[in-house]
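Me: I would like to go through this model and ask what backs each label.

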Amino acid sequence: MSQRVFNFSAGPATLPLPVLEASAAALVDYKGKGVGIAEVSHRGAEFKEVLAETEQRCRQLMGISDDYAVLFLQGGATQQFDLVPMNLLQNRAQYIVSGQWAKKAAAAAKAHGSTEVIADSQDQQFSVLPSGYTVDPQADYLHICSNNTIFGTRFSAFPDHPCLVADMSSEIMGRVIDVNRFGVIYAGAQKNLGPSGVVLVIIRRDLLDKAPDTLSPIFRYKAHADNESCLNTPPTFGIYVLLETFRWLEAQGGIAAVEQVNEAKAALLYEAIDGSGGFYTGTVTDHPNRSRMNVTYVLPNEDLTTAFLKRAAAEGLVALKGYRSVGGIRASIYNAMPMAGVEKLVALMKDFQASA
Ligand SMILES: Cc1ncc(COP(=O)(O)O)c(C=O)c1O
């Protein structure tokens with residue numbers, strides 16, 4: 001195999017090599033049965049065993065009680081922007097718009113009922129988390145995006161609401177959270193969990209009955225929960241990769257241990273940015289809410305940015321280009337990015353600055 005690079009892609013993103021290797025082996029031959037895991041029925045014994053273990057390990061890792069259903073669905077996080085209001089919006093919902101994905105979620109919900117954006121930081125180019133809002137506990141739910149993949153902010157502390165709904169696509173299992181504070185958590189898998197095509201939905205069971213009777217089963221969380229994610233054919237191979245990721249996470253010591261490494265990786269990178277005397281400038285000014293997953297910064301001009309990216313790629317540090325509306329650099333340092341990758345990036349940043 002060719003040498004693996006350090007892949008800083010925002011998503012689909014780097015996965016741990018043991019996860020890829022175990023998944024590749026199971027794709028060809030599952031447990032020596034002469035058939036790959038993607039080739040068996042989702043209703044057969046092999047896949048049922050995979051699904052049950054995936055759910056059990058997910059519950060164990062995140063401390064999810066039986067009060068919650070754990071679903072593995074299709075349609076990505078974007079589909080949840082509609083499914084959440086279709087299932088939960090009866091009177092009015094509140095949204096905090098802290099970035100592009102939160103904005104899309106709020107826009108999608110409008111088609112399904114009355115919504116209110118209680119805070120929006122777009123006028124500050126989403127370089128800060130919005131503040132100074134009033135949460136209404138009477139609203140059906142409050143929707144947030146816990147980590148803003150594009151702009152590099154995160155909620156270091158979560159607002160309180162009896163039904164807090166969070167898009168955690170870009171930090172799921174990257175930090176310890178108390179699931180009991182949430183009504184719904186959803187996350188596209190393709191950053192911290194596995195390949196695209198699977199979305200993890202964790203939903204408090206009392207919310208399952210809120211959907212109108214007219215809602216088709218395929219859009220209804222309760223139908224998916226009643227059928228244990230097998231209402232129709234689930235993304236079977238993707239779910240298998242999640243299982244391997246969960247095994248890997250446990251081998252690392254669980255989410256708390258991984259979070260410590262994530263904190264150390266992010267601190268090293270932010271120190272390099274802040275200590276560069278203004279050569280590198282972090283695009284997030286709200287330091288307490290800087291993302292631990294997506295670190296965004298700019299160089300003094302476009303030419304230097306292009307030269308930096310070129311040199312980084314030559315040294316095996318890839319997919320560092322910032323999102324088009326932000327520019328500069330975005331280093332996505334999800335769970336699977338080892339400290340060695342961040343150390344190599346920081347060394348390059350120092351060397352590049354010295355030679356610029
Ligand atoms: C925070 C967040 N929410 C939603 C999405 C959209 O996910 P999907 O492409 O799976 O619909 C993304 C994609 O990067 C994201 O980062």
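The turns below set values against their cut-offs.

Reply: This is a predicted model, in which local features need pLDDT of at least 70, side-chain atom pairs count only at pLDDT 80 or more, and totals for chains, interfaces and linings use all residues. Residues are numbered from 1 along each chain as its sequence is written, and side-chain values use heavy atoms, with hydrogens and water left out.

Me: How many helices and strands does the protein have, and what makes a run count as one?

Reply: The protein has nine helices and 14 strands. These are DSSP runs numbered from the N terminus: H or I over at least four residues for a helix, E over at least two for a strand.

Me: What is the radius of gyration set against?

Reply: The radius is taken over C-alpha atoms, and the globule rule is 2.2 Å times the number of residues to the power 0.38. For 356 residues a compact globule would have a value near 21 Å; the protein has 21 Å, so the two agree. The C-alpha trace spans about 65 × 55 × 30 Å along its principal axes.

Me: What makes β11 and β12 paired strands?

Reply: Pairing requires that DSSP finds at least two bridges between two strands. Two bridges join β11 to β12 (residues 294-298), and the strands run antiparallel, so the criterion is met. In one bridge, Thr281 has Val298 of β12 as its partner.

Me: Why are β11 and β14 said to stand at the edges?

Reply: The open sheet of three strands has the order β11-β12-β14, with antiparallel pairing. β11 (281-282) and β14 (329-332) each have a single partner strand, so one side of each is left without a neighbour in the sheet.

Me: What makes the link between Arg57 and Glu250 a polar contact?

Reply: A polar contact is a pair of N or O atoms within 3.5 Å; within protein, one must be able to donate a hydrogen and the other to accept it, and residues adjacent in sequence count only if both atoms are side-chain atoms. The side chains of Arg57 and Glu250 make such a contact at 2.6 Å. Arg57 lies in helix α2 (residues 45-62).

Me: Which residues surround the ligand most closely?

Reply: Of the 13 residues around the ligand (a heavy atom within 4 Å), the closest are Thr78, Thr149, Asp167, Gln190 and Lys191. A ligand oxygen is 2.5 Å from a side-chain N or O atom of Thr78. Helix α3 (residues 76-88) gives the largest share of the shell, four residues.
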